[in-house]
Amino acid sequence: MITNINNIVKRMVWATLFTVHCSLFISCSDFLDILPMNEVVLENYWTEKGDVTSVRNSCYESLCSSNALQRIGIWGELRSDNIFAGANIPNDVSEVLKENILSSNPYCNWSDIYKCINRCNIVAHYAPKVQAIDPNYSEAEMKADVAEVSALRDLCYFFLIRTFRDVPYTRDPSIDDTQNYILPATKFEAVLDSLIDDLESVKGDAVRRYELERVNGSRYTFPEVNSSRITRVAIWTLLSDLYLWKEDWDNAIKYADMVIDYKRQQYEELKERVGDIREIDLIDEVPMILECPDGSGDTGGNAYNAIFGEGNSFESIFELYFSSRQNQENTWVSSYYGNNNTPNGRLRGNALTFGTSLLDVIQNKVPLFKSTDGRFYECFRVNGQALNIGKYVNSSVSYQTRSVTNENSLRLNTDIRGNNTAPWIFYRLSDVLLIKAEALVQRGLEGDMEEAFKMVNIVNKRANNLTQSLKETDYLNSKNAMENLVFEERRREFMFEGKRWHDLVRRSRRDGNTAYLVAAVKSKYEQNANAIAIKMADPNIIYFPYAKNEMKVNPLLKQNSAYTNGEDEEYSR
């Protein structure tokens, strides 16, 4: 945050103040112009509710920027066992894939995430002052705005500590040149505790739901604003995840249950308004979008199409929304996963683990996926010997789920997205179920293993079109087997969603070693696998180094010890 990005942050904040149009839902576009600071008199701006709304919306805009979103995707996915290099991959990205990460690599630069944090800090600072002078801006509205930006800020910090471990931390806004923003790094555990305390203090102020579902006869749609803005339910979900990383199992389970109960309530309310809902049904008492809607026969893909194709689904809790109407693009997905113009993308799936043949999956030769598991057909696009990424790239998928013996009987059909407006999902209902499952396994009280298996089984059964593919007796007698099952299910469910590397880091922190992570990541290396395994035995190397530029301008930062050789030695302090 710090000194070398301060001026950038300030200029962008001032430019944000002059944003003329604020959409009714949060969308993503790169619309900011740089204005000289002396063109704005600060005291003349923060005078009414609309000023707060404009800058609050710009917090989402900054998170949607291509630089920010690429970092979120690369930090959470690239180093994992899911990813291979694809076509025309930039050298900076290739070096990350090779585990040759230098502090000069641009993906060590965190300034775009801190831009979002600073905008959130500014809203939280000025919203109470505006409420005191604008009679049309109620206290409840002000508190809701502060809760919203606080959660966005905390989500950004959560990405930073999972990526870099210890990071500079402040809730004070960078507004003028009199402030000192050369800050030392705060320890991971202290930041995590602060994020939890912050969310606990504002959770009751956030909006639970902005709009009801739109109902037209027996049809219904879910308003974008309910999943593309922070809600109280999103804060509960983030708290559940934070408590999981803190290893506070009781609170992780408590907040997961609150979200699950809310989704049950939402489902029952929707049934009362619409009547029969053929696309959503209870699976072991939890409402889930079905792969094959009731009455549709054996054609799967409905859940994928709703969650990833259309976006803003019943299961969505928080996602970034992109709109072609306003020329907004998710360049992370379109460039690195693919689109209609470049269907191969710059990244591919791990062919060493998943193979390059649909027949291998159909014949149950791919250990992670059963032949009935639609997630393989939804995540991947087999093209010769390449395993291209299909998740988010495909706008729709369909396949047969019964009596499949070969590729012809699978009848797989995919449509590649014709624009660059794929959503990007941070949290959905499956996250909550599997967070709860992981916490239950770790708590280990009587009945916890059975309940954890139930949570995993709900996610797995939906993906297998209600086919029971897991045997409870294979897991209940071993904590290690249940823990591995949860991580395997998370890998299946969240493939290419920017979660796998963070999962491996969390497991390493809990285990006190990198053995599980190393065993997983070795699977994607045909060459130098043993050398990389030795390198990654160092628990410090699972985090990124601080950027060289940050080390130059901030003498209070001390470089991660795993990166103090070679080019970083000068800045190791």
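Arg 346 lies over the face of Tyr 336, at 5.1 Å from the ring centre. You are looking at a predicted model, and this arginine is a good place to start exploring it. A second arginine can be found in a similar setting: the charged end of Arg 507 sits over the ring of Phe 487, with 5.0 Å to the centre of that ring.

Now let us turn from charges over rings to rings beside rings. How many aromatic pairs does a search of the whole structure find? The search gives 36 aromatic pairs. Take Tyr 114 and Tyr 157 as one example: their ring centres are 6.1 Å apart and their planes meet at 80 degrees, so this pair is edge-to-face, a label used for planes over 60 degrees apart. The pair links distant parts of the chain, as the two tyrosines are 43 residues apart. Tyr 114 belongs to helix α5 (residues 111-133), while Tyr 157 belongs to helix α6 (residues 139-164). Phe 376 and Phe 380 form another pair, with ring centres 4.9 Å apart. Their planes are at 40 degrees, so this pair is tilted.

Are the residues of these two pairs buried or exposed? The table gives the values, together with those of two cysteines.

| Residue | Relative accessibility | Class |
|---|---|---|
| Tyr 114 | 1% | buried |
| Tyr 157 | 0% | buried |
| Phe 376 | 1% | buried |
| Phe 380 | 3% | buried |
| Cys 292 | 10% | buried |
| Cys 379 | 1% | buried |

The word has a clear cut-off here: a residue counts as buried under 20% relative accessible area. Cys 292, for instance, has 10% relative accessibility, so Cys 292 counts as buried. Since we have met some cysteines, you may ask how many disulfides a search of the whole structure finds. The number is 0.

Phe 380 also leads us to the next feature, because strand β11 covers residues 380-383. Which way do β11 and its partner, strand β12 (residues 386-389), run? The two strands run antiparallel, and 4 bridges join them. Across this pairing, Val 382 in the chain stands opposite Leu 387, which is in β12. Together β11 and β12 make a hairpin with 2 residues between the strands. In this hairpin, Gly 384 takes a positive phi near 65 degrees. As you trace the strands in the picture, keep a general pattern in mind: in a regular strand the side chains alternate between the two faces of the sheet.

Methods: Residues are numbered from 1 along each chain as its sequence is written. This is a predicted model: local features need pLDDT of at least 70, side-chain atom pairs count only at pLDDT 80 or more; totals for chains, interfaces and linings use all residues. Side-chain values use heavy atoms; hydrogens and water are left out. A disulfide is a pair of cysteine sulfur atoms within 2.5 Å. Buried means under 20% relative accessible area, exposed over 50%, partly exposed in between (1.4 Å probe, protein chains only). Rings of Phe, Tyr and Trp (its six-membered ring) pair if their centres lie within 6.5 Å; planes under 30 degrees apart count as stacked, over 60 as edge-to-face and the rest as tilted. A charge sits over a ring if NZ of Lys or CZ of Arg is within 6 Å of the ring centre and within 35 degrees of the ring normal. Two strands pair if DSSP finds at least two bridges between them.
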